[in-house]
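User: I am new to reading structures. Please show me how to read strands and sheets in this one.

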Amino acid sequence: MAVVFQRPKSLCDVPTHYCPGCTHGIIHRLVCEVMDEMDIAGNTIGVCPVGCSVMAYDYFACDMIEAPHGRAPAVATGVKRAKPDSYVFTYQGDGDLAAIGTAETVHAATRGENIVVIFVNNTTYGMTGGQMAPTTLPGQITQTTPYGRDPKVQGYPVRVCEMLATLDGTALAQRVAVDSVPNIRKAKAAIKKAFENQRDKKGFSIVEVLSTCPTNWGLSPTEALERLRKDMIPYYPLGVYKDKSAEEKEAAK
Amino acid sequence: MATTHEIVLAGFGGQGILFAGKILAYSGLMDEKEVSWLPSYGPEMRGGTANCSVCISDEPIGSPLVLNPDLLIAMNLPSYRKFIGAVKPGGTAVMDSVMVEEKSDRTDINCFYVPASRIAEDEGLSGMANIILIGKLIGETGIISLEHLRKAFEKSVPAKKANLISYNMKAIEIGMQYRK
Amino acid sequence: MERNLMKGNEAIAEAAMRAGCKCFFGYPITPQTEISAYLAKNMAKNGGLFLQAESEVAAINMVLGASSTGTRVMTSSSSPGISLKSEGISYIAASDLPCVIVNVQRGGPGLGGIQPSQADYWQATKALGHGDFHILVFAPSSVQEMVDMVTEAFDLADEYRMPAMLLADGLLGQMMEPVSFPEKRTEFSPKPWATDGHKNKREHNIVNSLFLQPDVLQNSVVKRFERYEEIKEKHAQAEVYLCEDAEIVVTAYGATARVAKSAVNAARAKGIKAGLFRPKTLWPYPEKRLNDACKTAKRVLCVEMSMGQMIDDVKLALECRIPVEFFGKTGGVIPTPTEVLAQIEKYAE
């Protein structure tokens with residue numbers, strides 16, 4: 001009998017700690033499918049953040065490092081500079097990447113650090129129980145914005161892809177979502193492109209994945225996906241914000 | 001009792017104070033002595049001076065910081081004023097008299113005033129007033145031999161600028177022979 | 001062996017390359033910047049990497065990443081910068097990763113000053129980050145010793161899988177002294193724990209400091225402390241000078257020990273039975289050596305460029321059996337041999 005669907009080899013055969021309906025599982029799987037397709041897991045080192053995916057080192061079957069909060073791009077820089085021929089990726093949430101780790105993110109990007117950053121944006125601090133994130137939407141209620149995020153008090157959300165697209169070192173800045181099958185396919189294509197960029201030494205590639213947090217949003221998994229479409233995508237439009245290889249192809253024509 | 005020479009070189013930044021100190025230290029090393037060289041670093045708080053301490057000794061050197069030198073080279077007025085009083089009785093001070101227009105009234109030390117900046121200009125040795133003063137210092141004290149000095153220049157001058165060694169040695173000679 | 005004149009900071013950098021350091025990550029700060037400048041010039045020529053990070057925080061985490069791959073790696077800074085690195089140092093220690101950290105101390109607290117100081121003793125030996133852990137702390141007192149200790153720091157860091165610090169100061173970093181270097185290291189022990197890509201030949205390696213189960217975390221800490229006991233036994237080092245009959249033993253480390261030694265010599269010349277005890281490792285502290293050195297001592301005088309930090313370890317080691325006096329200068333002021341001699345004379349009666 002032909003096998004048409006199975007667990008990617010790069011994904012460990014262990015139960016995860018993620019909440020029901022959480023989209024981390026999908027994103028993990030996409031990264032692992034890409035590693036399998038490119039046959040690079042044996043030469044890949046992943047770097048975990050602090051946040052919900054802090055224990056992702058138990059799920060990815062490549063070598064893994066757990067970084068201090070926000071420092072994953074710096075840790076990945078150290079790995080990549082020490083082992084330039086390996087593949088290196090970070091897997092970070094919004095608080096890790098866009099609040100405490102902003103400096104590390106921006107500077108890894110502007111150095112053109114030849115790494116892949118998977119940025120999971122679910123507009124909240126999930127692991128600590130749902131506090132305001134740098135990407136929390138105006139009006140969004142969290143534990144630390146009980147009356148809704150008020151830009152006059154808490155300022156505005158950070159649009160990471162748009163910001164990093166302005167930097168010369170960024171090779172790819174693309175925002176995707178995992179709310180539907182077509183979007184999941186696009187997300188996988190973006191992640192694959194990011195790893196191919198690394199193979200081709202193009203520089204810093206970030207794929208921002210709009211994700212959900214049913215637990216802390218207080219919604220069912222389906223309602224959460226609905227919110228992603230209704231509230232998040234309008235504020236964080238999907239698309240390619242920077243693609244050096246496409247620009248180069250265009251220029252070559 | 002072991003001989004120890006404690007030297008302070010002081011002047012403006014850019015006069016080659018640190019290099020001159022390095023030459024003295026290297027000469028000591030070439031003579032198989034124990035040596036140390038310690039610069040002032042960072043923005044100077046008083047008088048815009050740069051200075052360094054050099055120790056040359058038969059024994060391992062304790063504190064490399066020289067507060068009361070036996071030997072002083074002063075290349076500007078603020079440094080002269082700062083250090084002339086600190087020179088140990090019986091010590092020697094050599095001043096660039098173009099830059100230091102005062103004369104010390106201390107009678108317990110040997111003071112020499114050499115218009116090193118002007119001589120350097122006149123002799124086509126621009127920027128080597130520091131080396132002329134070293135020439136005077138060793139001419140008066142004999143703490144270092146010419147052979148060790150030459151070796152020190154060979155060690156300190158980059159290979160690409162090896163032609164500078166003979167200019168430096170010429171500056172030393174002029175300093176040694178200066179009489180007034 | 002040929003001896004050349006070299007600045008302490010540059011000697012550290014050259015020694016690191018010869019010890020097989022392949023990556024250096026740093027951020028400029030006075031008075032240690034020559035280390036970065038030297039490596040920026042020479043690292044690539046020697047097949048290594050120099051990278052100026054965007055912050056001290058980033059630099060120490062780059063060290064974490066490079067060390068995870070099994071690469072010999074170093075960072076350096078001065079006091080305020082070390083405070084910023086403390087987060088990463090705790091993670092590195094807790095992840096059982098080796099690395100070498102240089103602190104060319106300057107006056108503090110706060111932005112402080114840029115002149116030599118020893119006010120980071122507590123930080124280095126007791127509290128370089130949160131949690132139960134130690135790092136090896138070497139205290140050189142000459143440029144040559146900086147070279148020797150950098151080499152040893154890399155070796156012991158690898159052997160015990162822990163960070164090692166060279167605790168120097170602005171005076172040692174900035175001064176030039178004659179120095180000779182060992183041959184370049186070419187052979188290293190394998191690091192089977194490294195996350196350098198498993199090549200599909202082994203299970204995946206994980207470098208991690210997170211243990212959510214209290215008993216598991218406790219176990220990992222206890223095992224580390226068992227290693228520390230072995231280190232205390234084997235690697236506590238000191239120089240003991242003229243202590244055989246000493247009635248007053250001066251304790252000092254680093255640059256201050258040079259000043260103290262001059263003062264001890266001067267005291268001996270005056271007929272005072274003075275000696276010097278100079279710890280070369282501050283963690284582990286050479287407690288047994290200190291007790292041996294103080295066998296005939298009636299008093300101990302601890303001299304530091306701080307308000308008195310190492311004195312705690314001196315008292316603990318001696319279990320307060322001998323009175324311990326203190327003399328110190330802080331903020332970048334360097335004590336002079338004359339001042340220390342006056343203290344020796346005062347306490348020798």
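Analyst: We will go through confidence, then one strand, then a sheet. This is a predicted model.

User: What pLDDT does chain C average?

Analyst: Check confidence before detail. Where pLDDT is low, the predicted coordinates should not be read in detail. Chain C averages a pLDDT of 97, and 100% of its residues score at least 70. The model has an ipTM of 0.93 and a pTM of 0.95.

User: Are the residues of strand E11 of chain C buried or exposed?

Analyst: Look at each face in turn. Buried means under 20% relative accessible area. In E11(C), residues 248–251, C:Ile248 and C:Val250 lie on one side, C:Val249 and C:Thr251 on the other, and all are buried.

User: Which strand pairs with E11(C) in the parallel sense, and over how many bridges?

Analyst: E12(C), residues 274–279, does so over four bridges. There, C:Thr251 stands opposite C:Phe277. Between E11(C) and E12(C) the chain passes through helix H9(C), residues 254–269, in a right-handed β-α-β crossover. E14(C), residues 299–304, also runs parallel to E11(C), joined by four bridges. In E14(C), C:Val300 is the bridge partner of C:Val249.

User: In what order do the seven strands of the open sheet in chain C come?

Analyst: Read across the sheet, strand by strand. The order is E3-E2-E4-E5-E7-E6-E13, with mixed pairing. E3(C) and E13(C) are the edge strands, each pairing on one side only. Neighbouring strands are turned by 20° against each other on average, direction ignored.

User: How do E6(C) and E13(C) run?

Analyst: They run antiparallel, joined by two bridges. C:Val137 stands opposite C:Trp283 in E13(C).

How values were computed
Residues are numbered from 1 along each chain as its sequence is written. Chains are lettered from A and ligands numbered from 1 in the order in which they are written. This is a predicted model: local features need pLDDT of at least 70, side-chain atom pairs count only at pLDDT 80 or more; totals for chains, interfaces and linings use all residues. Side-chain values use heavy atoms; hydrogens and water are left out. Buried means under 20% relative accessible area, exposed over 50%, partly exposed in between (1.4 Å probe, protein chains only). Two strands pair if DSSP finds at least two bridges between them. A crossover is right-handed if, with the strands pointing away from the viewer, the path from the first strand over the helix to the second runs clockwise. pLDDT is the predictor's confidence in each residue, from 0 to 100. Axes are lines fitted to C-alpha atoms, for helices over the stretch in contact, and angles run from 0 to 180 degrees between N-to-C directions.
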